[in-house]
Amino acid sequence: MSKSKKNAIPIGNAIESEKISKTYISGEIEVQALKNLNFVVKNGERLVILGPSGSGKTTLLNLLGGITSPDEKEGSLSIFGDLIQNYNQKQLTNYRRERVGFIFQFFNLFPSLNALDNVIIGIDLLKKKLKSNLDTLEIATDYLEKVGLGERLFHYPSQLSGGEQQRVAIARALAKIPFVGRNFLLLCDEPTGNLDTETSDKILDLMIELNKNEGITCLIVTHNLYIAEKFSTKILKLKDGIIQQ
Ligand SMILES: Nc1ncnc2c1ncn2[C@@H]1O[C@H](COP(=O)(O)OP(=O)(O)O)[C@@H](O)[C@H]1O
Ligand SMILES: [Mg+2]
């Protein structure tokens, strides 16, 4: 395969949502968190889901990440050409493992593991599951170098700055790609919400660079307009669970 082919982003849509809704029911109370969402995200795009608190951003991210399922009425949610709302629990688990990397506001690293082991633990299961011959140590080191942490492999989270911890989390999410390919969603919930402006800017630059180099599809949810404008190739505004035009 030629180099240009290898680097090509797959054509087509990563996500197609048609009339997707999500209702939470607790006791007598129903909250319709998402209402009839219609949208498309192309492969390789950087989508920002923008909206105030309570508008349904996290719910949408959880749907796309296979953490929750949409309402069963009408509608279809297709990711990389597969209808994920039809997945059973086992398929959802595989989907989360093989197609999704999550980045959260509070990094979610294991405090007792160094940077390298935090990345390795994210891909070790995948390697076993896929009976892959790839070298997890080599891949983990490679991705930590890609996020600029080649000199911090053996540091523990408590020895890293907030920005560095978020870089480890990004490396951990992306290190799945050599195993599973580029049909991959990087889903980020307020990924820089816990960082100062300068560090936040650097993380966004890094994510844009990785998006281009790795050819994957990235989604960030945020209420921050600046982040939306800097990061996105496409913006989806949510208010009260409805997409604003
Ligand atoms: N597990 C849940 N059970 C019931 N209601 C929920 C649950 N999660 C979120 N909600 C409600 O759904 C709406 C959207 O929440 P969320 O997706 O967290 O919004 P955002 O991330 O934009 O702040 C809110 O009204 C929230 O209270
Ligand atoms: Mg939220």
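## A stroll from N36 to the ligand

Start by selecting N36: this residue is partly exposed, because it has 15 other C-beta atoms within 10 Å, and being buried would take 20 or more. What you have open is a predicted model, so keep that in mind as you click around.

Stay on N36 for a moment. Its phi is positive, about 50 degrees, although it is not a glycine. Now colour the element it belongs to: N36 is found in strand β2.

**Next stop: F80.** Here is another residue that is not a glycine but has a positive phi of about 50 degrees. Is F80 buried or exposed? F80 counts as buried, because it has 20 C-beta neighbours inside 10 Å. To place it in the chain, show residues 76 to 83: F80 is found in the loop between β4 (76-79) and β5 (82-83).

**The strands on either side of that loop.** Select β4 and β5 together. They run antiparallel, and two bridges join them. For one of the residues involved, click S78, then look across to its bridge partner in β5, L83.

**Widen the view to the sheet.** Add β1 and β2 to your selection. You now have an open sheet of four strands, in the order β2-β1-β4-β5, with antiparallel pairing. Which strands stand at the edges? They are β2 and β5; each has a single partner strand, so one side of each is left without a neighbour in the sheet. Remember that β2 is where you met N36.

**Over to ligand 1.** Select the ligand, then the residues around it: Y24, S26, V31, A33, G51, S53, G54, S55, G56, K57, T58 and T59. Three elements give two or more residues to this shell: β1 (13-26), β2 (29-42) and α2 (57-64). Which element provides the largest share? That is α2, with three residues. Try colouring the shell by class: you should find three nonpolar, eight polar and one charged residues.

**Finally, zoom out.** Switch to a cartoon of the whole protein, which has nine helices and ten strands. Its radius of gyration is 18 Å, close to the 18 Å that the globule rule gives for 245 residues, so the protein is as compact as a globular protein of that length. Turn it about its principal axes, and the C-alpha trace spans about 50 × 40 × 40 Å. Of the 245 residues, 38% count as buried. As for contacts with a separation of 6 or more, 73% are between residues 24 or more positions apart.

Methods. Residues are numbered from 1 along each chain as its sequence is written. Chains are lettered from A and ligands numbered from 1 in the order in which they are written. This is a predicted model: local features need pLDDT of at least 70, side-chain atom pairs count only at pLDDT 80 or more; totals for chains, interfaces and linings use all residues. A residue is near a molecule or strand if its C-beta atom, placed from the backbone, lies within 6 Å of it. Ala, Val, Leu, Ile, Met, Phe, Trp, Tyr, Cys and Pro count as nonpolar, Asp, Glu, Lys and Arg as charged, and the others, Gly among them, as polar. A residue is buried if 20 or more other C-beta atoms lie within 10 Å of its own, exposed if 12 or fewer, and partly exposed in between; C-beta atoms are placed from the backbone. The radius of gyration is taken over C-alpha atoms; the globule rule is 2.2 Å times the number of residues to the power 0.38. Two residues are in contact if their C-beta atoms, placed from the backbone, lie within 7 Å. Two strands pair if DSSP finds at least two bridges between them.
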